[in-house]
Amino acid sequence: MIVIDKEKEGIQAHLLGEASSASCIAYINAGVIFLGSETGDSQLVQITSSGSLEVVDTYPNTAPIIDATLADIDNSGDPIVVTCSGEGKTGSLRIIRTGANIEELASIGDTKGVTRVFLLKDGTESDSYLLLSYPQETKIVNIKDGHTYSEVPENDFAGLVRDSTTLVAANLEVEYSHLAIQATRIAVNLINMQTGEQCNRWPGDIVAACIHGDMICVGLHDNSLLLLHVDQDRKLLKDGKQAQFGSQISVVSMRSDSTGKSNIFLGFWQKHVVQILNTDTLERMAEIEVPHVPLSIVPWEHDFPVVHRFHLLVGTGNGHVVTMRLRSKGSSFDIGERRLIYLGERPVHLQKYVDQGKENVIATGKRAVILSRSNRSVVQHHINIKDIEAVLPFNTPRFSNTLMFKLPSSLLLARIGKLEKIKIDSVPLGYDVPVSITYHSETHAFALGCVRREPSRDEAYDATTSSFKLLDATTFEHLNSYSVPSTEEITKVCVTSLGINDGDISSKYIAVGTAVWGEDEPEPTKGRILLFTAVNTQSTFIATRNASAPILNLMLEQEITGAVVSMCGLGDAYLAVIVNTILVVYQLTKKAATNELQLKPVDQWIHNYMLSSLVVNGSDIIIGDTFQSVTLLHWTGSELKLVSKDYETVNSLNATLDDTHVIQSNVDNNLFSYKNEEDGIQPSGRYHFGEVISCLVPGSVSTNAARGGDKALAVPKHLLFTSGGRISVISKCDDERAMKLHNIQRNIGAAFKSDHYDVLSWRAPHTSIKTFSDDIPQASGFIDGDLLLRFLELESDSPLVKKILNGTKRAERLDMEYGELREFIEELQTTQY
């Protein structure tokens, strides 16, 4: 804090404390100050009465992102993103996960063979018993003691049927009711949960059942439906109405609105439909087609209940969740917006739970998601727990407001935190700013190169050092490190497999590339390539390390005639390295005289000016030239061959490729795409992104099944990172869907242009060198996802909706209604992460 002393006509500086490096500052009130940072977390701080600085709140910032990697650290198929972020004293790793924030609390083992799980109360608020249903029997476990759970002997709970599987069990939905229903294949039982005695029994050949209020809706083997009512005073089960159907019932569910009117929802094995019945008459009010056998049905009320409107969710046998809006119209229903969510090829189970007063739904199939509502849309939140088969709310004095997840051989108790699309954690590194990162799966660790620049307190140059670090992938504990001389900087780290000779078994190495800076050199003329192995045995060379960590063995250090700009493994035997302006392919061999390892140059590519990026996909290599564009090479196993080259000068900054496309960014913040065809790469798209793109990484943050498999509207292929901290997904879709998306984008852009700004003109490629040819007047080959999502902010009666659906002329009219277009964009959104 600077204090101006008017009497002494001087300035005094008072040290208050440390905070993020601020790029802007704003005094709010009462000593509270906001510090906005471009290179670290922004902070809200307060000057206390003692004159110290106290951090009130922190606002995460991933900028600037220098490098990034994808890592599937738990083999779940859903990798996390780890970025090298920060600058100066705010170096950090940022761990970005998709999905809900799960806090695991406890687990119950040895539940293999359990098919269903239910919780029962004994008249109190808390759950008292755990019912475990097996294919041929049922067990009951006492969970009143929060520390030890024990099976209840048969003599102590004689009212429970134990020699049959349980289809459904629950307390009657009356506050603190001590009566419960157990529906098995052979009977419906009314049980006194305080005494354990059976109050009444209704026998029948049951295939499905549902408990709602004081009613039990039972589907029977003879294709009929029966309503049972509970007389709580007399503790009896009484027969109600019965109806016959032409197909066996697969699932039954019920709903009551705020007026007391109720409906029954039925699914069938032979017919892929859901029928809605009037509970009083059992007459059909609506029939809804679904893509497969319905196995789970959940009526889902709105956050602000509307008597006649609600969502209906249907889980099918082939892994889909069907969501639809329903509106009651007397004796029928209007079926509104429908949407399909694909959870993998496994039957889907649905379960409601309440979080902070809001009803959410958990859908479990091959993967699991939480469904919540936001802006009238159903939003997905991935659950990063593998193999969930079912879930139910769990509430005991020790584990209040908890969820129980049924896994193949155990039960997991966990709480769900704030529902967010992504969760960002930070690993502070201080002055050690990470510049390159990779994942080493064998040691379950991240390998990163850091550059440390500590400011000098006098007029001398800042002290610069560089090191290679190994951090645990789960705890991010420091495992090991290796420092290079003060004149040397680590520029690139990668994991690669190398064999001594062709055909030999490859070993996995951590390759570290460096640049050695000499005095008054315009560019480095020296560098090194270091090869490490990470093992758990003793060795002759040990880097500075944690005693319990894997040992880093330095297997090779080789000087090269320039700085390592980038490098990648090439197959299982070669290492591709950009050395200053040359691409060199090395092979690991042994010196004949000493038997020491060495990297022997096999071939090189010298036909570019200044190479800036290198990506390998199989035997294909893409390199980006800062003074030109991209070049596609093919490695034959012995030499580099030119496949194709883009001769337009676009000043390449970063590049990436997959099986069908090459994508690059340039210094003017544009993106360019090229189709990888038999006769070379052909330009296919140009787009102004608007930020400096620091790296492009092949891959996706979710599995193919999580994105909807081959049925997905768009398949994520690459991740894009900017120096401003933005992370975007680049996805690919087929030509038919691409044209449809282009038409939607055109109409949305035109509609917002008249009322807001011309987004599509701004997306046209920008250049500081020359004007692109007139035959490419606007962006092409890319769709602006952010622009499409603006449609979800509009209500159906908005004037902009009419403009979007109709276009500016007849030929631009979209053959879609408001609900269809909204569903289409929502589905596109959910496939991206």
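**Legends to views of a predicted model**

**View 1. The whole protein chain, with its helices and strands.** The protein chain holds five helices and 62 strands, and the model shown here is a predicted one. Measuring along the principal axes, the C-alpha trace extends over about 100 × 85 × 70 Å. Of the contacts in the protein chain with a separation of 6 or more, 49% are made by residues that lie 24 or more positions apart.

**View 2. Surface and interior of the protein chain.** Among the 833 residues of the protein chain, 52% are buried. The area that the protein chain exposes comes to about 38,700 Å², and 48% of this area is supplied by carbon and sulfur atoms.

**View 3. Charges of the protein chain.** The protein chain carries 75 positive and 103 negative charges, and the mean positions of these two groups are 5 Å apart.

**View 4. An open sheet of three strands.** The strands follow one another in the order β60-β61-β62, and their pairing is antiparallel. Because β60 (693–698) and β62 (727–732) stand at the edges and each has a single partner strand, one side of each is left without a neighbour in the sheet. On average, neighbouring strands of this sheet are turned by 25 degrees against each other, direction ignored.

**View 5. The pairing of β60 with β61.** Strand β61 comprises residues 715–722 and is joined to β60 by five bridges, the two strands running antiparallel. Within this pairing, Ile 693 stands opposite Thr 722, a residue of β61.

Conventions
Residues are numbered from 1 along each chain as its sequence is written. This is a predicted model: local features need pLDDT of at least 70, side-chain atom pairs count only at pLDDT 80 or more; totals for chains, interfaces and linings use all residues. Side-chain values use heavy atoms; hydrogens and water are left out. Helices (H or I, at least four residues) and strands (E, at least two) are DSSP runs, numbered from the N terminus. Buried means under 20% relative accessible area, exposed over 50%, partly exposed in between (1.4 Å probe, protein chains only). Contact means heavy atoms within 4.5 Å. Accessible areas come from the Shrake-Rupley method with a 1.4 Å probe; for residues, only the protein chains shown count as cover. Lys and Arg count as positive and Asp and Glu as negative; His and the chain ends are not counted. The place of a charge is taken as NZ of Lys, CZ of Arg, CG of Asp or CD of Glu. Two strands pair if DSSP finds at least two bridges between them. Axes are lines fitted to C-alpha atoms, for helices over the stretch in contact, and angles run from 0 to 180 degrees between N-to-C directions.
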